[in-house]
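Take a walk through this fold, from its overall plan down to its contacts. Keep the sequence and the structure side by side as you read.

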Amino acid sequence: MESVPVGEDGSRPVEPAIQTTVALDGGSSDIAQARHLAAGFLTGVQAEHGLPVSQRALDLTQLVVSELVTNARKYAPGPVLLDLRIIGDTVEIAVWDSNPALPIARAADAGRVGQHGLEIVMAVAQGFAAQREPVGKRVTARLALTDDPGGTLAGRTPL
């Protein structure tokens with residue numbers, strides 16, 4: 001049996017978080033930069049930490065990052081923070097921007113051109129939340145790192 005060191009206060013060490021954060025300056029290349037960062041992050045998670053990441057998870061992560069960063073750039077002036085974090089068998093994507101107005105998913109409308117990003121994110125995410133911060137807001141989506149062997153969707157739950 002392997003012993004685990006215990007701190008003076010009786011606590012066990014916390015496993016280091018697997019995460020990355022980047023500040024995007026609001027430039028025209030933000031969306032491409034964010035997608036590239038997300039792909040590199042998940043590739044690194046798989047290579048360096050041995051966690052399984054399906055091609056579907058990689059593609060959906062890039063899609064969600066793209067949609068959330070696009071919305072932040074469109075509706076909020078200034079910089080955007082993108083945070084990617086592994087929590088168990090999911091990747092959590094959080095985007096902060098300076099606009100405190102929370103996003104609202106619009107009713108489905110086949111005749112509407114554009115403005116479907118939030119609907120897409122909510123359809124593919126296992127978890128979704130939007131909350132005001134002391135300055136601005138944070139929109140968070142959580143995606144499974146692997147595909148369900150049964151082929152069913154886990155469904156979305158609040159974060």
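What follows goes from the overall layout to the strands and then to the helices.

This is a predicted model. The chain has three helices and six strands. Along the sequence they follow the pattern β-α-α-β-β-α-β-β-β. Of the 159 residues, 36% count as buried. Contacts reach far along the chain: among those between residues at least 6 apart in sequence, 63% join residues at least 24 apart.

Begin with the strands. Strand 1 covers residues 18-24, and strand 2 covers residues 80-87. The two run antiparallel and are joined by seven bridges. One place to look is Thr21, whose bridge partner in strand 2 is Asp83. In the pattern, two helices stand between the opening strand and the next one.

Strand 2 also pairs with strand 3, residues 90-97. Here too the strands run antiparallel, and seven bridges join them. Two facing pairs help to fix the register. Leu81 stands opposite Trp96 of strand 3. Leu82 stands opposite Val95 of strand 3. How many residues lie between strand 2 and strand 3 in their hairpin? There are two residues between them. In this turn, Gly88 has a positive phi of about 65°.

Strand 3 then meets strand 5, residues 137-144. Their pairing is antiparallel and extends over eight bridges. Within it, Val91 has Leu143 of strand 5 as its bridge partner. Strand 3 thus has strand 2 as a partner and strand 5 as another.

Is strand 3 mostly covered or mostly open? It is mostly covered, with eight of its eight residues buried. Look at the directions of its side chains. Thr90, Glu92, Ala94 and Trp96 point one way. Val91, Ile93, Val95 and Asp97 point the other way. All of these residues are buried, on either side of strand 3. The buried set includes the charged residues Glu92 and Asp97.

Now turn to the helices. Helix 1 spans residues 30-49 and helix 2 spans residues 55-75. Their axes come within 9 Å and cross at roughly 150°. An angle over 145 degrees counts as roughly antiparallel, so helix 1 is roughly antiparallel to helix 2. The crossing of this pair is right-handed. From helix 1, Asp30, Ile31, Ala34, Arg35, Ala38, Ala39 and Leu42 take part in the contact. Helix 2 answers with a set that includes Ala57, Leu58, Thr61, Val65, Val69 and Arg73. By class, the residues of this contact divide into ten nonpolar, four polar and three charged.

Helix 2 also packs against helix 3, at an angle of about 145° and with the axes 9 Å apart. This crossing is left-handed. Helix 2 contributes Leu60, Leu63, Val64, Glu67, Leu68 and Asn71. Helix 3 contributes Gly117, Leu118, Ile120, Val121 and Val124. The contact has eight nonpolar, two polar and one charged residues. Leu63 of helix 2 belongs to this contact and also to the contact with helix 1.

Which residues of helix 3, residues 117-124, are buried? They are Gly117, Leu118, Val121, Met122 and Val124. These buried residues pack against helix 2, strand 4 and strand 5. Strand 5 brings the walk back to the strands, through its eight bridges to strand 3.

Note on methods:
Residues numbered from 1 in each chain as written. Predicted model: local features only at pLDDT ≥ 70, side-chain atom pairs only at ≥ 80, totals over all residues. Heavy atoms only, no water. Axes fitted to C-alpha atoms, helices over the stretch in contact; angles between N-to-C directions. Helix = DSSP H or I, 4+ residues; strand = E, 2+ residues; numbered from the N terminus. Parallel < 35°, antiparallel > 145°, perpendicular 65-115°, else oblique. Left-handed = near helix turned anticlockwise from the far one by under 90°. Contact = heavy atoms within 4.5 Å. Pairing = 2+ DSSP bridges. Buried < 20%, exposed > 50% of the residue type's maximum accessible area, 1.4 Å probe, protein only.
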